[in-house]
Amino acid sequence: MEINLIKYLNLKRSINVVKILSSFTLSKLIRKPIVWGMPISYSIEPTNHCNLKCPECPSGLGVLTRPLGLLKLDDFKKLVDEIKETGFYIQLFFQGEPFINKSLPAMISYAQASNIYISISTNGHFINQENVDAVLKSAPDKIIYSIDGLDEKSYQNYRIGGTFKQADHGLRALVNGKKKLNLNRPYVELQFIVMKQNEDQLDEVLKYGKDIGVDRVVFKTMQISSYENAIKFLPTNEEYRRYTISNGSFKIKGRFANHCFALWRTSVITWDGRVVPCCFDKDADFELGITNGRLFRDVWKSDEYTKFRSNVLGDRSSVSICTNCTEGLKINILKIEQ
């Protein structure tokens, strides 16, 4: 089982969940942002450095305009100490490769000591046979392990700078080490982004994941940001496309509703303390405040955050980062096989 929420809920956290759900529901009805609680979950960025150069990743391509850096352990601890009474899920990733930050094991352990569920997404190139025991000693509750091709040609077509061989060895070392030590965590999710060059491998991917012994295989549709990449990468199978393409442009499937639960249930914090509304604001263009020297609660309740929520409730399609977002859309984003 991936996560048992009951394990992470206590009275204060449960009351906070009710506050968030009820205030979001009321906000949708009256078209005015009311926020009674604090986020349930957070994405906190260990670093925005990356070792790969994936064509749809601004971090790997080096096109982020915000500074590159590493989250300091003390800053992470301060955040955890503030949010732990109400929040119980932290994604320790945003942009970049989390394992580049050498303080990552200490961050995981510190948050888990407060009964917070930790999830990490990795390309796997920093996990190997030599260090896997150390990785497992401070393992997150869940690792999303991205492999987008089962041979070097399909893998390196997107994961530029990496190799399937290295990613494969890391995944096998992780799963075998977990079995050898008889550990319950991490829950290992093999993520496969379906693209034109790998869509013929789906059955093979399921067999690959089963043979290795991962806990779950996830087929994920690809997010794109340009017509050129849409033509180059989107698969022919419509089931694994989240866009329609016509007349030299692309558009996400589905109709936007003028609300977004993410603005009530979660928040994203960059390595240097910038608070942004969601994971689609990769370059912090919609920065809502900064936690350095300021409590997160004050940013969460700030006029800037309230105004952003109001804009989404009024006309979500007018907010640029929302136009490529799948939140609330009735489309097939993930196909999961246990």
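The following legends describe views of a predicted protein model.

**View 1. Overall fold of the predicted model.** The secondary structure of the protein comprises 13 helices and 12 strands. Its radius of gyration is 20 Å, close to the 20 Å expected from the globule rule for 338 residues, so the protein is as compact as a globular protein of that length. The C-alpha trace extends over about 55 × 50 × 35 Å along the principal axes.

**View 2. Interior and contacts of the protein.** Of the 338 residues, 54% are buried. Among contacts with a separation of 6 or more, 69% join residues 24 or more positions apart.

**View 3. Surface and charges of the protein.** The exposed area amounts to about 15600 Å², of which carbon and sulfur atoms supply 52%. The protein carries 46 positive and 37 negative charges, and the mean positions of these two sets lie 4 Å apart.

**View 4. Helix α8, residues 164-180.** The end C-alpha atoms of α8 are 24 Å apart; this agrees with the 24 Å that its 17 residues should span at 1.5 Å a residue. Just after α8, asparagine 182 adopts a positive phi of about 55 degrees.

**View 5. Buried residues of α8 and their cover.** Buried positions in α8 are Phe164, Ala167, Asp168, Gly170, Leu171, Ala173, Leu174, Val175, Gly177 and Lys178. An α-helix has 3.6 residues a turn, so residues three or four places apart point the same way. The cover over the buried residues of α8 includes the helices α6 (132-137), α7 (152-158) and α9 (202-212), together with the strands β4 (142-146) and β5 (187-193).

Terms used. Residues numbered from 1 in each chain as written. Predicted model: local features only at pLDDT ≥ 70, side-chain atom pairs only at ≥ 80, totals over all residues. Heavy atoms only, no water. Helix = DSSP H or I, 4+ residues; strand = E, 2+ residues; numbered from the N terminus. Expected span 1.5 Å × (residues − 1). Buried < 20%, exposed > 50% of the residue type's maximum accessible area, 1.4 Å probe, protein only. Contact = heavy atoms within 4.5 Å. Rg over C-alpha atoms; globule rule 2.2 N^0.38 Å. Areas by Shrake-Rupley, 256 points an atom, 1.4 Å probe, with all protein chains shown as cover. Lys, Arg positive; Asp, Glu negative; His and termini not counted. Charge placed at Lys NZ, Arg CZ, Asp CG, Glu CD.
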